[in-house]
Amino acid sequence: LMSTHLVDDIETSRDGATLIIKFARPAKKNALTIAMYERMNAVMAEAAADKSVRAVVFASTSETFTAGNDLKDFLERPPHAG
């Protein structure tokens with residue numbers, strides 16, 4: 001049985017050696033926020049350290065993969081260096 005975790009509009013699950021990362025913000029057509037980028041960064045760092053992860057798949061919980069960046073979020077909270 002696959003366990004699913006949802007944090008900051010990012011849903012993660014494992015299917016054997018495959019890590020699945022899904023954008024889960026359908027009301028905003030999965031427009032990416034700073035929090036989503038930060039969560040993806042943390043998840044990818046965990047995957048890089050986990051030798052049992054052999055593949056990473058990006059997907060969506062809705063029909064829209066992603067509309068790109070959420071401009072309102074980026075204007076309110078500009079990305080920091082690094």
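Reader: Is Asp-9 buried, partly exposed or exposed?
Author: This is a predicted model, in which local features need pLDDT of at least 70, side-chain atom pairs count only at pLDDT 80 or more, and totals for chains, interfaces and linings use all residues. Residues are numbered from 1 along each chain as its sequence is written, and side-chain values use heavy atoms, leaving out hydrogens and water. The classes are buried (under 20% relative accessible area), exposed (over 50%) and partly exposed (in between), with a 1.4 Å probe and protein chains only. Asp-9 has a relative accessible area of 30%, so the class is partly exposed.

Reader: Which residue forms a salt bridge with Asp-9?
Author: A salt bridge here needs a side-chain nitrogen of Lys or Arg within 4 Å of a carboxyl oxygen of Asp or Glu. For Asp-9, the closest N and O atoms of the pair are 3.8 Å apart. The partner is Arg-25.

Reader: How many residues apart in sequence are the parts that Asp-9 and Arg-25 tie together?
Author: Asp-9 forms a salt bridge with Arg-25. Asp-9 sits in the loop between β1 (4-7) and β2 (10-15), while Arg-25 sits in the loop between β3 and α1. Helices (H or I, at least four residues) and strands (E, at least two) are DSSP runs, numbered from the N terminus. The pair therefore links parts whose sequence separation is 16 residues.

Reader: Is Arg-25 buried or exposed, and which other residue joins Asp-9 and Arg-25 in a network of salt bridges?
Author: Arg-25 has a relative accessible area of 15%, so Arg-25 is buried. A network of salt bridges links Asp-9 and Arg-25 with Asp-70.

Reader: Which buried residue in the loop between β3 and α1 touches both Arg-25 and Asp-70?
Author: The loop lies between β3 (18-23) and α1 (34-49). The residue has 9% relative accessibility, so it counts as buried. Not counting residues up to four places away in sequence, its contacts (heavy atoms within 4.5 Å) are Arg-25, Asp-70, Asp-73 and Phe-74. The residue is Thr-33.

Reader: How many salt bridges does the rule give?
Author: Side chains of opposite charge can pair when their charged atoms come close. The pair of Glu-38 and Arg-77 is at 3.1 Å, N to O. The closest N and O atoms of Lys-72 and Glu-76 are 3.9 Å apart. By the rule, the count is five.

Reader: How many residues apart are the parts tied together by Glu-38 and Arg-77?
Author: Glu-38 and Arg-77 meet in a salt bridge. Glu-38 lies in helix α1 and Arg-77 in the segment after α2 (71-76), so the sequence separation is 39 residues.

Reader: What separates Lys-72 and Glu-76 within helix α2?
Author: Lys-72 and Glu-76 are both exposed. They are four residues apart in helix α2, so the separation is about one helical turn.

Reader: Which residues make the nonpolar surface patch of about 320 Å²?
Author: Patches use residues with over 30% relative accessible area and no salt bridge; like charges are joined within 9 Å, and nonpolar side chains (Val, Leu, Ile, Met, Phe, Trp, Tyr) within 5 Å. Phe-58, at 37% relative accessibility, is partly exposed. Phe-58 is in strand β4 (residues 55-60). The patch is made by Met-44, Val-56, Phe-58 and Phe-65.

Reader: How far apart in space, C-alpha to C-alpha, are Val-56 and Leu-19?
Author: Val-56 lies in strand β4 and is partly exposed, at 32% relative accessibility. Not counting residues up to four places away in sequence, Val-56 touches Leu-19, Ile-21 and Met-44. Val-56 and Leu-19 are 37 residues apart in sequence, and their C-alpha distance is 4.8 Å.

Reader: What pattern does the protein chain follow along the sequence?
Author: The protein chain has two helices and four strands. Read along the sequence, the pattern is β-β-β-α-β-α.

Reader: How much of the area exposed by the protein chain do carbon and sulfur atoms supply?
Author: Accessible areas come from the Shrake-Rupley method with a 1.4 Å probe; for residues, only the protein chains shown count as cover. Of the 82 residues, 32% count as buried. The protein chain exposes about 5500 Å², and the share from carbon and sulfur is 56%.
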